[in-house]
Amino acid sequence: MSTIAQQFGMTEALEILGIKAVNEGTSTGGQWFSGGELIESYSPVDGQLIAKVKASTEADYEKVMQSATEAFKTFRLMPAPKRGEIVRQFGEKLRQYKEPLGKLVSYEMGKSYQEGLGEVQEMIDICDFAVGLSRQLHGLTMHSERPSHRMYEQYHPLGVVGIISAFNFPVAVWSWNTALAWICGDVCVWKPSEKTPLCGIACQNIIAEVLRENNLPEGISCLINGDYKIGQLLNRDTRVPLVSATGSTRMGKIVAQEVAARLGRSLLELGGNNAIIVTPDADIKMTVIGAVFGAVGTAGQRCTSTRRLIIHESIYDKVKDAIVAAYGQLRIGNPLDQNNHVGPLIDTHAVELYNKALAQVVAEGGKILVEGGVLTGAGYESGCYVKPAIAEAKNDFAIVQHETFAPVLYLLKYSGDVTEAIEIQNGVAQGLSSAIMTNNLREAEAFLSAAGSDCGIANVNIGTSGAEIGGAFGGEKETGGGRESGSDAWKVYMRRQTNTINYSTSLPLAQGIKFDL
Ligand code: UN1
């Protein structure tokens, strides 16, 4: 353990979460096994090896699938509110493990400890939501056109749900899927990002405790580890009716095609290119907080991170100066130290992409307003710490059209009315999150109208990131169209069945068709 890790109690946190120096990477419930190669998890915080995880082999995968399909046979028959009780207990455990888990998220992924705790809170919130939902999996009833007939629809569990998640929300996105899938009666097989495998192991240990305490079948929660090849097994497996995948658009296109090729269902939550429109009627102070947190929070590695600010020319200089001044206040460093605002990027490959983006925006004619750069020296040994940067750019620059997972913010100017700003905001391939800063009702409503933002999330006087779990989460266009977490997102985890019951003494046909024998 490095000095930083020791100073911030990582040894204790890892112990509480059941992380060993070398971990089996495959699990069904509380059973661990694995035959594969070792994945090494390095912390971007201090560049130190935290622990190793054995990747899952195809044989391991097969064992997991057998256990999951077996568990489904009984779990689907457990009453939904009883499944909700399991999720309630899981939420209780998360409350108990919040601090060590938040710490591990921070240390393995690099987001600030506050954001690590926030991520665990998001898990607790979705559990609470799912518990209530377990008594509300409503179908509709409808009137039959035939006498003495009854029609209704009901929702049944789907089966094995495959979950592929990204490094940036290494625990919360799994729980958005599992909390809903479990109350719906599904069993889950999770492949976390190979960049954050320890977060996966910690979560699996926590749910295993709940399953054990309730004498439930192991296969309800399974974990596999590895690179895209292990994910591919899920995509191509006809025993997996739904694959929920979070990550880049490039990855999502592969998942979508592989799952569609066997007519399976996929739930995709992919890249964003999120903008905040700042109109002449914006509250500048609120704009600065929303934009800066949106751009530098999680070091710009949220799919909801603010990448573009679309500012009206009449207030452009004022907003620009205020944001540039705010960037001057940012403290970059160890994310476990709560005095810092910005932690490291996930790895040095991400640093390369950040450098490339900054070089490209200049090459395309952009102007750097806040200089970027990689930090070196004491505290920055991992090579993953970068300075949040700002550039003046144009929306049609190739680099502005592209999602760079790093703290690079582009300032764009508009001069007409709000429709021009909306056109710029919509003028990208992605459609996840969007926001407008204005106190003008007409502008706000225009932004929210059918001719307004084309994104899955559209906020007024709030930044682009930090959505609550109660709403459906996801976006349009290259973001993939999926919806996770709140509202009626649960429906994708179930199959709908329409039932018509005839309690008459004859068999009339629908549409009045005569067929007498
Ligand atoms: C993600 O970046 O994949 O809205 C999820 C937010 C968080 C979730 C982000 N609640 O920023």
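Begin with the whole chain in view: buried residues make up 57% of its 517 residues. The model is a predicted one.

**Stop 1: the whole chain**

Display the chain as a cartoon. It contains 15 helices and 24 strands. The radius of gyration is 24 Å, close to the 24 Å that the globule rule gives for 517 residues, so the chain is as compact as a globular protein of that length. Next, turn the C-alpha trace along its principal axes; its span is about 80 × 55 × 35 Å.

Contacts and surface complete this overview. Of the contacts in the chain with a separation of 6 or more, 74% are made by residues 24 or more positions apart. If a surface is shown, about 21,300 Å² of the chain is exposed, and carbon and sulfur atoms supply 51% of that area.

**Stop 2: an open sheet**

Select residues 22–23, which are strand 1, and residues 38–42, which are strand 4. Add residues 49–54, which are strand 5. In what order do the three strands form their open sheet? The order is 1-5-4, and the pairing is mixed. Strand 1 and strand 4 stand at the edges; each has a single partner strand, and therefore one side of each is left without a neighbour in the sheet.

Now look at strand 1 beside strand 5. The two run parallel and are joined by two bridges. Select N23 and look across to strand 5, where V53 stands opposite.

**Stop 3: the helix across the sheet**

Keep the sheet visible and select residues 197–213, which are helix 7. This helix lies across strand 1, strand 4 and strand 5. Relative to strand 5, helix 7 runs at about 70°.

**Stop 4: the cysteines**

Select the cysteines and show their sulfur atoms. How many disulfides does a search of the whole structure find? The search finds zero. Two residues help to show why this is the case, given that a disulfide requires two cysteine sulfur atoms within 2.5 Å.

Centre the view on C203. The closest cysteine sulfur belongs to C199, and it is 6.8 Å from the sulfur of C203, which is too far for a bond. Is C203 buried or exposed? With 1% relative accessibility, C203 counts as buried.

Finally, move to C222. Its sulfur is 8.6 Å from the closest cysteine sulfur, in C188, and this distance is likewise too far for a bond. C222 is also buried, with a relative accessible area of 1%.

Key. Residues numbered from 1 in each chain as written. Predicted model: local features only at pLDDT ≥ 70, side-chain atom pairs only at ≥ 80, totals over all residues. Heavy atoms only, no water. Pairing = 2+ DSSP bridges. Helix = DSSP H or I, 4+ residues; strand = E, 2+ residues; numbered from the N terminus. Contact = heavy atoms within 4.5 Å. Axes fitted to C-alpha atoms, helices over the stretch in contact; angles between N-to-C directions. Buried < 20%, exposed > 50% of the residue type's maximum accessible area, 1.4 Å probe, protein only. Rg over C-alpha atoms; globule rule 2.2 N^0.38 Å. Areas by Shrake-Rupley, 256 points an atom, 1.4 Å probe, with all protein chains shown as cover.
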